Amino acid sequence: MTQAVSNSAARRDIEFHLHSQTNPGQFEARGPLMVARGEGIRIFDSAGKSYIDAMAGLWCASLGFNNKRLADAATRQYGELGFYHTFFQRTHAPAADLAEKLVQLTGMTGGKAYFATSGSEANETMVKLAWVYHTVHGKPTKRKVIARDRSFHGSTIAAASMCGLEFMHREFGLPLPGFLHTLCPWPYRGMLEGEDEAAFVERLASELEKLILREGPDTIAAFIAEPIHAGGGIIVPPQKYFARIQEVLAKYDILCLADEIVCGFARTGNWFGKETVGMKPDMMSLAKGLSSSYFPISAVVFAPKIYEAVARFNKEGGAFGHGFTNSGHPVGVAVALEAIKIYEEMDVVAHVRKMGARLRGKFEAMAEKSPIVGEVRGAGLMLGIEIVADKKTRKPFAPALQAGPTFDSIAYENGLVARCMGDVLGFSPPLIVTESDVDEIAHLCEISLSALEKHLAKH
Ligand SMILES: Cc1ncc(COP(=O)(O)O)c(C=O)c1O
């Protein structure tokens, strides 16, 4: 990365720009990775070096980094109507088209879609809708939200409070009161000795129920979950997990919110992650793949009963007191419509299943040979490799070894962008990957992994 520092844009960036999820001191010392351009699944730095971005940026650029059809859709829409809002009964045809399409695609029959601009806003919108719902049903004390350990739901204050990751809380005195966390359904690390999957699921459900009873069922509004944990380490719950958890939620009249911001739009090998894990949410938040992140757009799609609550609350007058300037931005919705059209034309679900199975097969073959791969897991094109000091006992590497970050640095050198989450190496490539792209990702991963093994053997 240091090559970029001599570039004056890099120097100005160090001087003027505060970066997300970046250590300030380390950034000042090492400087930025200047990304100059993209081509398909590849990015190029300012020195012209190319990398396969096997994380699709931040799990989002599903159609790669320079899709012409998305650019053309944006240009066409800028030429027609470059901005208009959706407050005060305003709308435009692309917003209506996208709302209809999302309700159909998600199977939220009779429900509606609401637009925002980021995943965090979409998740916070779901919380506010849950509050309206319970208020209208005579239970205004139902305010608290239960999330899970290791979950990621965004960076605004309530969204960050819902995260189950310490690094999202430590500087800010979060979570806010009323945002609670229950156990993460992580079979590899969470199952007790002698416990089978059924007993594990039972224990998770029972812990959730205990939390609800401790807090008081009349105080809990909603439960929020990513179908598959993304940033928390690509954690796939046991198959029966959501069915059992939803029995508990139904018993105490708690709404189920799916954060589909990463899993949505075929990432896991189904249109939505809820299908992959058997989740039946009352509301879903969508972003990232919705527009392949070519425009900051997000959405919430919800069941009819949620809309009925909003309508009933405002029956005597008043307006739904929520909204963002760029909710339903015409260019954002036009880009999202085009992205969905492309997904349909390429039969994205079948393609992801095929490419995902190929990549997973290669990772599994790698795991057999590698002394440090503890587990390969995930679904579709959302795969994780957990590296461990001891495969038999699953003993993790000492944190001081920085095994995961070292893999990332080696992979960068080899022209591969992956992303470690602790010692879980994440892969979430653009969904347009071909067989030869998958083979190249697997090859670059394998040589990076064996370089890491050699490095660790010296320490
Ligand atoms: C699962 C999940 N939810 C929510 C978000 C927040 O989205 P945004 O950064 O657009 O606010 C993210 C971002 O990575 C995410 O991974």
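Q: What makes helix H6 a helix that lies across strands, and at what angle does it run to S10?
A: Helices (H or I, at least four residues) and strands (E, at least two) are DSSP runs, numbered from the N terminus. Contact means heavy atoms within 4.5 Å. H6 lies across S4, strand S5 (144-148), S7, S8, strand S9 (283-286) and strand S10 (298-302). It runs at about 30 degrees to S10. Axes are lines fitted to C-alpha atoms, for helices over the stretch in contact, and angles run from 0 to 180 degrees between N-to-C directions.

Q: How do you know which residues and atoms count here?
A: This is a predicted model: local features need pLDDT of at least 70, and side-chain atom pairs count only at pLDDT 80 or more, while totals for chains, interfaces and linings use all residues. Residues are numbered from 1 along each chain as its sequence is written, and side-chain values use heavy atoms, with hydrogens and water left out.

Q: What is the strand order of the open sheet of seven strands, and which strands are at its edges?
A: The order is S4-S10-S9-S8-S7-S5-S6, with mixed pairing. Two strands pair if DSSP finds at least two bridges between them. Strand S4 (112-116) and strand S6 (179-182) each pair on one side only, and these are the edge strands. Direction ignored, neighbouring strands of this sheet are turned by 25 degrees against each other on average.

Q: How do you know that S7 and S8 pair?
A: Four bridges join strand S7 (residues 220-225) to strand S8 (residues 255-259). At least two are needed, so the two strands count as paired. They run parallel. Ala-225 stands opposite Ala-258 in S8. Helix H10 (residues 241-251) lies across S5, S7 and S8, at about 170 degrees to S7.

Q: Which residues surround the ligand, and what makes them its shell?
A: A residue is near a molecule if one of its heavy atoms lies within 4 Å of it. The residues around the ligand include Ser-118, Gly-119, Phe-152, Glu-226, Asp-259 and Lys-288. Helix H6 (residues 119-136) gives the largest share of the shell, three residues. The shell divides into three nonpolar, six polar and three charged residues. Ala, Val, Leu, Ile, Met, Phe, Trp, Tyr, Cys and Pro count as nonpolar, Asp, Glu, Lys and Arg as charged, and the others, Gly among them, as polar.

Q: Why does the pair of Lys-288 and the ligand count as a polar contact?
A: A polar contact with the ligand is a pair of N or O atoms within 3.5 Å. A polar side-chain atom of Lys-288 lies 2.8 Å from an oxygen atom of the ligand, so the pair qualifies. A backbone N or O atom of Gly-119 lies 2.8 Å from an oxygen atom of the ligand. A backbone N or O atom of Phe-152 lies 3.4 Å from a nitrogen atom of the ligand. The protein covers 79% of the 390 Å² of accessible area that the ligand has on its own. Accessible areas come from the Shrake-Rupley method with a 1.4 Å probe.

Q: Why is one side of S11 and of S14 left without a neighbour in the sheet?
A: The open sheet of four strands has the order S11-S12-S15-S14, with antiparallel pairing. Strand S11 (373-379) and strand S14 (419-421) stand at the edges, each with a single partner strand, so one side of each has no neighbour in the sheet. The twist averages 25 degrees from one strand to the next.

Definitions and conventions
Polar contact = N/O pair within 3.5 Å; in protein donor to acceptor, adjacent residues only side chain to side chain.
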